[in-house]
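Please open the structure in your viewer and keep the sequence beside it. This tour moves from the whole chain to a few selections that you can make yourself.

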Amino acid sequence: MPIGPARMPLMDHLGELRMRLVRIVVVMIIAICVFYLATPTIIEFLFLPINDLVSSVIALDPFEAFSVRLSVSLWTSLIACSPIIIWQILAFFLPALKPSERKWFLPTFVAAVLLFVAGVVFCYLVILHPAFQFFSDQAAGMMDNTARAQSYVDIILKFELGFGFAFELPLIVFYLVIFNVVPYKKLRSAWRGVYVGLLVLSACVTPDASPVTMLLMFAAMVGLYECSLLIARVALRSRIKKQEAQAAADEAELEELKTELSEGFNSLRNDLAGE
């Protein structure tokens with residue numbers, strides 16, 4: 001898709017923004033219509049990891065079936081169209097980047113899409129069953145696990161989207177380092193604070209109060225954070241070494257200055273004492 005020029009009048013920028021938003025909306029509407037027809041298959045697929053935990057799925061009012069189908073088609077379209085949406089967003093901001101920064105555009109697009117998909121797949125294969133198992137165990141001996149369609153579908157979709165967006169963390173960390181917003185050394189040394197922040201973020205992102213889900217997301221995010229730092233260190237090895245060398249040189253220069261000041265002070269004190 002075409003990329004606009006770097007310099008345009010304000011109204012032209014707004015026109016380009018409107019054009020890209022229209023593309024996103026049109027693609028989403030088409031996808032929603034297609035996925036609405038395929039909703040029964042999609043719902044069956046969504047419930048596959050937890051089929052052994054629910055006895056049946058029910059709708060409690062006449063409008064719930066339509067609401068569930070519309071919700072599933074909407075969020076499925078958002079996930080399926082995420083490459084187009086991400087491309088349109090990045091393409092709008094691309095002209096503002098310097099030529100040396102534009103080389104990161106395509107890798108950023110590919111990485112963002114792959115990370116989002118990885119988060120969705122990870123949630124589906126690893127998270128859904130333990131999360132619902134925890135809550136199903138709370139009903140043991142008291143009630144049957146009859147799933148209300150609206151509630152279960154909403155929770156599953158929130159899980160999928162939450163993990164999809166959470167898996168974008170390596171991209172954020174990588175660019176914080178590569179654009180020197182936060183130095184690598186600072187991120188590396190402040191790992192305790194980062195881990196606490198990731199634990200809080202995991203508690204906020206997961207749509208339930210299950211410690212199992214929170215800890216699984218926390219473990220995944222810690223792994224992604226460490227991987228992103230490793231990739232950043234490999235990609236920016238020369239810059240990091242230069243920063244470390246500069247920091248060592250500054251420290252040595254400071255020590256030398258302290259030594260000179262101390263010697264000068266001692267010399268002055270001896271001269272005064274001699275007089």
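The stops below begin with the overall fold and then turn to two helices.

Start with the whole protein, shown as a cartoon, and bear in mind that this is a predicted model. You should find 12 helices and two strands, and if you follow the chain from the N terminus, the elements come in the order α-α-β-α-α-α-α-β-α-α-α-α-α-α. Of the contacts between residues at least 6 apart in sequence, 80% join residues at least 24 apart.

Now switch on the surface, whose accessible area comes to about 16,500 Å², with 70% of it belonging to carbon and sulfur atoms. Buried residues, for their part, account for 34% of the 275 residues.

Next, select helix α1, which covers residues 10-37 and contains V22. Then select V22, V26, I30 and V34, which form a nonpolar patch on the surface with about 340 Å² of accessible area together. Is V22 buried or exposed? V22 is partly exposed, because its relative accessible area is 44%, a value that lies between the 20% limit for buried and the 50% limit for exposed. In an α-helix there are 3.6 residues a turn, so residues three or four places apart point the same way.

Finally, select helix α3, residues 64-80. Its 17 residues, at 1.5 Å a residue, should span 24 Å, and the end C-alpha atoms are indeed 24 Å apart, so the two values agree. Within α3, colour E64, V68, S71, V72, S73, T76 and S77, which are buried.

Definitions and conventions
Residues numbered from 1 in each chain as written. Predicted model: local features only at pLDDT ≥ 70, side-chain atom pairs only at ≥ 80, totals over all residues. Heavy atoms only, no water. Helix = DSSP H or I, 4+ residues; strand = E, 2+ residues; numbered from the N terminus. Buried < 20%, exposed > 50% of the residue type's maximum accessible area, 1.4 Å probe, protein only. Contact = heavy atoms within 4.5 Å. Areas by Shrake-Rupley, 256 points an atom, 1.4 Å probe, with all protein chains shown as cover. Patch = residues over 30% accessible without salt bridge, like charges linked within 9 Å, V, L, I, M, F, W, Y side chains within 5 Å. Salt bridge = Lys/Arg side-chain N within 4 Å of Asp/Glu carboxyl O. Expected span 1.5 Å × (residues − 1).
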